[in-house]
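Please read these points with the structure open beside you, and look up each residue as it is named. The note moves from single residues to the elements around them and then to the aromatic rings.

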Amino acid sequence: MTTFVRCGGHATLLFAVEPQPPEWIDQGSIGVGVCLDDGVDVHVVGDIDSNDHIFVIEGVEQSLVEAVEKVARQTLQHIDSEPMHLAIRFTLPFSRGFGMSAAVAAAVALVVHPGEVETAIAIAHLVDRELSGGLGDAAGLSAGGIEYRSSIGSPWRVDGTPGNGVVQSFPTKTQVLLLWGMGHEHTAAWIDDDMRASVIRAAGRNSLKNFKNRDWSPEVWPSVIQATEEFLHKSGFDVFDGLMNVLDQARELVDQSGMKDHVVVLPCYIGASVLIAPRDLNSTIDLNGLITDDVAGRSFLTSVSQKPLREITQERF
C-alpha cells in the first residue's frame with residue numbers, strides 16, 4: 001500500500017488586498033473562493049543516498065519544472081527536512097491561476113509529516129507568500145468547499161496554534177468545469193500596481209460587504225455570482241486581455257450549448273482562467289457537453305471539495 005497526499009486547487013472569485021502586517025503568516029487577502037477536488041498528488045518514492053532532494057514531476061511543461069521544484073524545496077526548508085525523493089504529479093495545470101503553488105506546498109508538507117494538517121496549511125501559506133505573493137489560496141484550502149475569508153492571514157501557525165486568518169465555508173459536491181488560456185498569464189504584477197491595487201481593493205471591499213452579516217450557506221450562492229460579476233467591472237479586470245479572452249470563449253461555449261440559463265461563467269482572478277458552475281448548486285447538470293475539441297486540452301472537469309488537502313492510501317499511486 002502506498003500513502004500519498006492529494007491537495008486540490010483553489011479558484012479565487014473575488015478579493016481585496018488589505019494593508020499587510022509585517023509577518024508573512026499574517027498577510028493575504030479577504031475574499032471568496034472555491035476549493036477543488038483535483039490538483040496535485042505527492043508521495044515519497046523511497047529512501048535515497050543523496051545530499052540533495054530528488055523530485056519526479058509529472059503533468060507540467062518542462063519550462064515549469066524548475067518553478068515547481070522551487071516551491072517544493074522552499075517547503076522542505078521550512079520543515080528542516082532531510083533529503084527526500086518525492087513524486088509530484090499534477091492533474092490541474094500549474095501557473096494558470098488555480099492555486100497550485102499553495103497546493104504543492106501543502107501536499108509536500110503533509111506527506112513528510114502525516115497528520116499535521118494545520119501545520120501543512122501554515123507552511124503552504126508562508127511559501128505562497130514568499131514565492132508568489134499568494135493572496136489566500138492556502139487559507140481557502142484550510143476550510144474547503146466554497147469559502148469566505150473575512151480576515152487576512154493563515155488560520156493556523158506553524159506550531160499548530162490558531163492564526164489571525166478567519167475562514168468559513170459551506171459544503172457542496174457540485175461539479176465545475178475549469179477553462180484556461182494558452183499562455184502563462186498571471187495577474188500578480190498587474191495587481192501590484194499601486195493605483196490599480198487601490199481600485200481593486202475598493203471593488204473587493206464593496207462586493208464582500210454583502211456577506212458580512214449573512215449566514216454563510218448555499219443560500220448566498222446567487223449573491224456570490226452577482227458579486228463576482230460586479231467585481232469584474234468595478235475592479236478594472238475587464239481590461240485584462242488574457243482573462244477576457246478566456247471569459248468570452250467560455251461564454252460562447254455556454255451560449256452555443258443552450259445552457260445559459262443553467263450555468264454561469266466566473267472569472268478566476270489570479271490567472272487567465274475561468275470556472276463554469278451551475279447557477280443552482282443542487283442541480284445535476286452535465287458539463288461535459290461544454291468540452292469541445294477547441295478547449296479539450298485546456299479544460300478540466302472536477303468537483304468542489306470540502307476536504308481538498310487529505311491523505312489517501314491506495315495500492316498504486
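1. Val-108, once residues up to four places away in sequence are set aside, touches Val-42, Ala-72, Thr-75, Leu-76 and Leu-86. The model is a predicted one, and in it Val-108 is found in helix H2. Because its relative accessibility is 0%, and buried means under 20%, Val-108 counts as buried. A second position helps to place Val-108 in the whole: Leu-178 is 70 residues away from it in sequence, and the two C-alpha atoms are 24 Å apart in space.

2. Ser-101 also deserves a look, and this residue too is found in helix H2. Is Ser-101 buried or exposed? With a relative accessibility of 19%, Ser-101 counts as buried, because the limit for that word is under 20%. When neighbours within four places in sequence are left aside, the contacts of Ser-101 are Val-71, Phe-94, Asp-128 and Ser-132.

3. Some of the residues just named lead to helix H1, which covers residues 65-78. This helix has 14 residues, and the distance from its first C-alpha to its last is 20 Å, close to the 20 Å expected at 1.5 Å a residue. Its buried residues are Val-65, Val-68, Val-71, Ala-72, Thr-75 and Leu-76. Seen down the axis of H1, these buried residues fall within an arc of 130°, so they line one face of the helix. On the other side of H1, by contrast, Glu-66, Lys-70 and Gln-77 are exposed.

4. What do the buried residues of H1 pack against? Their partners are S3, S4, helix H2 (100-112) and helix H3 (117-132). After H1 comes Asp-80, whose phi is positive, near 50°. Together with S3 and S4, helix H1 makes a β-α-β unit, and the reader should note that this unit is left-handed.

5. Strand S4, which spans residues 85-90, is mostly covered, with five of its six residues buried. On the one hand, S4 pairs with strand S3 (residues 54-58) in the parallel sense over five bridges, and here Ala-87 in S4 is the bridge partner of Val-56. On the other hand, five bridges join S4 to strand S2 (residues 30-44), and these two strands run antiparallel. In this second pairing, Arg-89 in S4 stands opposite Asp-41.

6. The aromatic rings make a separate topic, and a search of the whole structure finds eleven aromatic pairs. One of them is formed by Phe-90 and Phe-94, with 5.7 Å from centre to centre and 70° between the planes, an arrangement that is edge-to-face. Phe-90 counts as buried because its relative accessibility is 7%, and Phe-94 counts as buried as well, at 6%.

7. In another pair, the rings of Phe-237 and Tyr-269 have their centres 4.8 Å apart and their planes at 55°, so the pair is tilted. This pair links distant parts of the chain, 32 residues apart: Phe-237 is in the loop between helix H7 (221-234) and helix H8 (241-257), while Tyr-269 is in the loop between strand S8 (263-268) and strand S9 (273-278). Both Phe-237 and Tyr-269 are buried. Ring pairs also bring in further residues, for Phe-15, Phe-231, Phe-237 and Tyr-269 are linked into a cluster.

8. Thr-228 belongs with this region, since Tyr-269 is among its contacts. The place of Thr-228 is in helix H7, and at 0% relative accessibility this residue counts as buried. Neighbours within four places in sequence left aside, Thr-228 is in contact with Leu-13, Leu-14, Leu-266 and Pro-267 as well as Tyr-269.

9. Helix H8 can be checked in the way that H1 was. At 1.5 Å a residue its 17 residues should span 24 Å, and its end C-alpha atoms are 24 Å apart, which agrees. Among the buried residues of H8 are Gly-242, Leu-243, Met-244, Val-246 and Leu-247, and further along Ala-250, Leu-253 and Val-254. What covers the buried residues of H8 includes strand S7 (175-180), H7, S8 and S9. The helix is followed by Gly-258, whose phi is positive, near 75°.

Note on methods:
Residues numbered from 1 in each chain as written. Predicted model: local features only at pLDDT ≥ 70, side-chain atom pairs only at ≥ 80, totals over all residues. Heavy atoms only, no water. Buried < 20%, exposed > 50% of the residue type's maximum accessible area, 1.4 Å probe, protein only. Helix = DSSP H or I, 4+ residues; strand = E, 2+ residues; numbered from the N terminus. Pairing = 2+ DSSP bridges. Right-handed = clockwise from strand over helix to strand, strands pointing away. Expected span 1.5 Å × (residues − 1). Arc of directions from axis to C-beta. Contact = heavy atoms within 4.5 Å. Phe/Tyr/Trp six-rings, centres within 6.5 Å; stacked < 30°, edge-to-face > 60°.
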